[in-house]
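Thank you for passing this entry on to me. Below are my comments, set out as numbered points.

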Amino acid sequence: MTDAMTEVFTTIASIRAACDAARARGAVVGVVPTMGYLHDGHLSLMRAARSECDFVVVTIFVNPLQFGPNEDLDRYPRDVDGDLAACRAEGVDAVFMPPVSELYPEYPPRTIVHVAGLTDALCGASRPTHFDGVTTVVTKLLSIVGPCHAYFGRKDAQQLAIVRRMTADLDIPAVIVGCPLVREADGLARSSRNAYLDETQRAAAPTIFKALRAGVAAVHEGERDARRVEAIVRGMIESEPELRVDYVEARNADTIGTIDRIAGHVLVAVAVFCGSTRLIDNVALDVCGDEVTADLGTGWQAPAS
Ligand code: AMP
């Protein structure tokens, strides 16, 4: 860890000028978009950016446009001092934390970026306006920082697929880098929203990852029927009374299209309510004939068998 100078920017003009100046010096700009309340998942993105880029920008913006009317915008956890301390400790060069009025002088904005198809299913089905909010703010942030490498977590695998597609379709000069999903030691995917869980819910939540691992185990044992893999995962989640399934779906990881067979690059994705908190998780599989490679994320300890 370094203790570098981390400069805080709140205006579009000033962060744009800082990124332009960095590129003029020959620096590669790396950007990590976040909504703050930073945890190890975010830190892993910052570390990847730090190791690959010369000028690292972390954006902290709780984007109102990606929250539905009855969602948790008002109570979304915030910790500006803790976040800035984390950015300093990771040697981040610049933090961009604009007020809402800076990114959206008129709210709601008249211009919305919409990626068709990939946004219809999974979280897009449960949260119909969510991804338009994400793609609009990511387009704005990438337009503000200019040519860069942009780091996104595979925790939000659908978001990553959508952002990849959007930057390709719109010729946005950003190299999109997908980073591993970081878990707690007991397997729960790290999330700012884990702070909402009470003790009983927190104890129940690791069942989500256990269920995903059971699905992966079935694929390792030869199961290739997507519905049967989904049923295994769903059944285990539903056996835990604190959890309620929003969706459990196996889909093509790149197009988010439907599949019947587990083959190629597959995402097994879930959204689960734990009380009123909605948690998402996924595992990615590469399946070629009998060969199965599973990406289960990092940071967790496999139970002794
Ligand atoms: P958020 O602040 O939740 O909008 O997340 C900002 C970025 O951090 C997104 O690219 C997320 O995918 C990524 N991220 C959040 N949680 C994790 C995690 N547990 N592991 C890896 N990346 C994560």
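The points that follow take up the aromatic pairs, the charges over rings, the strands, the ligand site and some backbone details.

1. The model is a predicted one, and every value quoted in this note was computed from its atoms. Residue numbers start from 1 along each chain as its sequence is written.

2. I begin with the aromatic rings, for which a search of the whole structure returns four pairs. In one of them, the ring centres of Phe61 and Tyr104 lie 6.1 Å apart and the planes meet at 50°, so this pair is classed as tilted. The two residues are 43 residues apart and belong to distant parts of the chain, with Phe61 in the loop between strand S3 (55–60) and helix H3 (80–89) and Tyr104 in the loop between helix H4 (100–103) and helix H5 (123–126). Phe61 has a relative accessibility of 6% and Tyr104 one of 3%; since buried means under 20%, both residues count as buried.

3. Tyr104 also pairs with Tyr107, and here the arrangement is edge-to-face, with 5.5 Å from centre to centre and 70° between the planes. Tyr107 has a relative accessible area of 42% and is therefore partly exposed. Taken together, the ring pairs join Phe61, Tyr104 and Tyr107 into a cluster.

4. The backbone beside this cluster member deserves a look, because the peptide bond that leads from Tyr107 to Pro108 is cis, with omega near -5°. Pro108 is placed in the loop between H4 and H5.

5. Which rings have a charged end sitting over them? The charged end of Arg75 is placed over the ring of Tyr196, at 4.0 Å from the ring centre, and that of Arg183 is placed over the ring of Phe209, at 3.6 Å from the centre.

6. Strand S5 (residues 148–153) has five of its six residues buried, so the strand is largely enclosed by the rest of the structure. Strand S2 (residues 29–34) pairs with S5 in the parallel sense over two bridges, and Val31 stands opposite Ala150 of S5. Strand S6 (residues 174–179) also runs parallel to S5, to which it is joined by six bridges, with Val175 in S6 as the bridge partner of His149. Between S5 and S6 the chain passes through helix H7 (residues 157–169), and the resulting β-α-β crossover is right-handed.

7. What surrounds the ligand, and which residues are the closest? There are 16 residues around the ligand, and the closest of them are His42, Gly153, Asp156, Val182 and Arg190. An N or O atom in the side chain of His42 is 2.8 Å from an oxygen atom of the ligand, while a polar side-chain atom of Asp156 lies 2.6 Å from an oxygen atom of the ligand. In the case of Val182 the backbone is involved, with one of its polar atoms 2.8 Å from a nitrogen atom of the ligand.

8. Val182 itself is found in the loop between S6 and helix H8 (199–204), and with a relative accessible area of 14% this residue is buried. I would add that the C-alpha atoms of Val182 and Leu296 are separated by 9.1 Å, although the two residues are 114 residues apart along the chain.

9. A further polar contact involves Thr136, which lies in helix H6 (residues 130–145) and which is buried, with a relative accessible area of 3%. A polar atom of the Thr136 side chain is 2.9 Å from the backbone nitrogen of Val113.

10. Finally, I note two residues with a positive phi that are not glycine. Tyr37, in the loop between S2 and helix H2 (40–52), has a phi near 55°, and at 31% relative accessibility Tyr37 counts as partly exposed. Ile256, in the loop between strand S7 (243–252) and strand S8 (264–274), has a phi of about 60°, and with a relative accessible area of 3% Ile256 is buried.

How values were computed: This is a predicted model: local features need pLDDT of at least 70, side-chain atom pairs count only at pLDDT 80 or more; totals for chains, interfaces and linings use all residues. Side-chain values use heavy atoms; hydrogens and water are left out. Rings of Phe, Tyr and Trp (its six-membered ring) pair if their centres lie within 6.5 Å; planes under 30 degrees apart count as stacked, over 60 as edge-to-face and the rest as tilted. Helices (H or I, at least four residues) and strands (E, at least two) are DSSP runs, numbered from the N terminus. Buried means under 20% relative accessible area, exposed over 50%, partly exposed in between (1.4 Å probe, protein chains only). A charge sits over a ring if NZ of Lys or CZ of Arg is within 6 Å of the ring centre and within 35 degrees of the ring normal. Two strands pair if DSSP finds at least two bridges between them. A crossover is right-handed if, with the strands pointing away from the viewer, the path from the first strand over the helix to the second runs clockwise. A residue is near a molecule or strand if one of its heavy atoms lies within 4 Å of it. A polar contact is a pair of N or O atoms within 3.5 Å; within protein, one must be able to donate a hydrogen and the other to accept it, and residues adjacent in sequence count only if both atoms are side-chain atoms.
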